[in-house]
Amino acid sequence: MANIQFKTPEEAESERLEEAKNKARRERNEKLRESDVEVLRALESGKPVPKNLKDYRQSLRDLPEQAGFPKSVSWPNKPNL
């Protein structure tokens, strides 16, 4: 017979929160990877990385520090380059 274990509401909420964190981090990491191309393009051409791109990438890295993370995430806008 299978051993069925029930989760407390606190355990279930903790799991949902962890899943939300992981989802937000995956999305953040994808946005960072997408912007890697622009950073490499600037570096390879000998130009400085544009400040607005640096700021965007830093904002992405700082997402977990936002109040309300991960339930309420305010995503930064990708700069036009």
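Helices here are DSSP runs of H or I of at least four residues, numbered from the N terminus. By that numbering, N80 falls in the segment after α2. The legends below describe a predicted model.

**Figure 1. Overall view of the predicted protein model.** The protein has two helices and zero strands. Its radius of gyration is 18 Å, well over the 12 Å that the globule rule gives for 81 residues, so the protein is more spread out than a compact globule. The C-alpha trace spans about 65 × 30 × 15 Å along its principal axes. Buried residues make up 19% of the 81, where buried means under 20% relative accessible area. The protein exposes about 6400 Å², and carbon and sulfur atoms supply 49% of this area. Among contacts between residues at least 6 apart in sequence, 51% join residues at least 24 apart. The protein carries 17 positive and 15 negative charges, and the mean positions of the two sets lie 5 Å apart.

**Figure 2. Salt bridge between K7 and E15.** Side chains of opposite charge can pair when their charged atoms come close. Here the side chains of K7 and E15 meet with an N to O distance of 2.7 Å. This is within the 4 Å cut-off, so the pair counts as a salt bridge. E15 is partly exposed, at 37% relative accessible area. By the same cut-off the model holds seven salt bridges.

**Figure 3. Salt bridge between R33 and E30 in helix α1.** The closest N and O atoms of R33 and E30 are 3.1 Å apart. Both residues belong to helix α1, which covers residues 9-44. They sit three residues apart, about one turn of the helix. R33 has a relative accessible area of 48% and is partly exposed. E30 is also partly exposed, with a value of 33%.

**Figure 4. Salt bridge between K51 and D55 in helix α2.** K51 and D55 pair with their closest N and O atoms 2.8 Å apart. Helix α2 covers residues 51-61. Because K51 and D55 are four residues apart in this helix, about one helical turn separates them. The two partners fall into separate accessibility classes: K51 is exposed at 59%, whereas D55 is partly exposed at 38%.

**Figure 5. Salt-bridge network of E13, R16 and K71.** Salt bridges link E13, R16 and K71 in a network. Residue R16 lies within the range of helix α1, residues 9-44.

**Figure 6. Surroundings of V49 in the loop between α1 and α2.** Is V49 buried or exposed? Its relative accessible area is 15%, so V49 is buried. Leaving aside residues up to four places away in sequence, V49 touches V39, A42, L43 and K54. V39, one of these contacts, is 10 residues from V49 along the chain. The C-alpha atoms of V49 and V39 are separated by 5.9 Å.

**Figure 7. The cis peptide bond between F69 and P70.** F69 and P70 are joined by a cis peptide bond, with omega about 5 degrees. P70 belongs to the segment after α2.

**Figure 8. Contacts of S74 in the segment after α2.** S74 is exposed, with a relative accessible area of 52%. Which residues does S74 touch, not counting residues up to four places away in sequence? They are L63 and Q66. S74 and L63 are 11 residues apart in sequence, and their C-alpha atoms are 7.9 Å apart in space.

**Figure 9. N80 in the segment after α2.** N80 is exposed, with a relative accessibility of 77%. This value is over the 50% cut-off, which means that N80 falls in the exposed class. N80 and E18 are 62 residues apart along the chain, and 33 Å separates their C-alpha atoms.

Definitions and conventions
Residues numbered from 1 in each chain as written. Predicted model: local features only at pLDDT ≥ 70, side-chain atom pairs only at ≥ 80, totals over all residues. Heavy atoms only, no water. Buried < 20%, exposed > 50% of the residue type's maximum accessible area, 1.4 Å probe, protein only. Rg over C-alpha atoms; globule rule 2.2 N^0.38 Å. Contact = heavy atoms within 4.5 Å. Areas by Shrake-Rupley, 256 points an atom, 1.4 Å probe, with all protein chains shown as cover. Lys, Arg positive; Asp, Glu negative; His and termini not counted. Charge placed at Lys NZ, Arg CZ, Asp CG, Glu CD.
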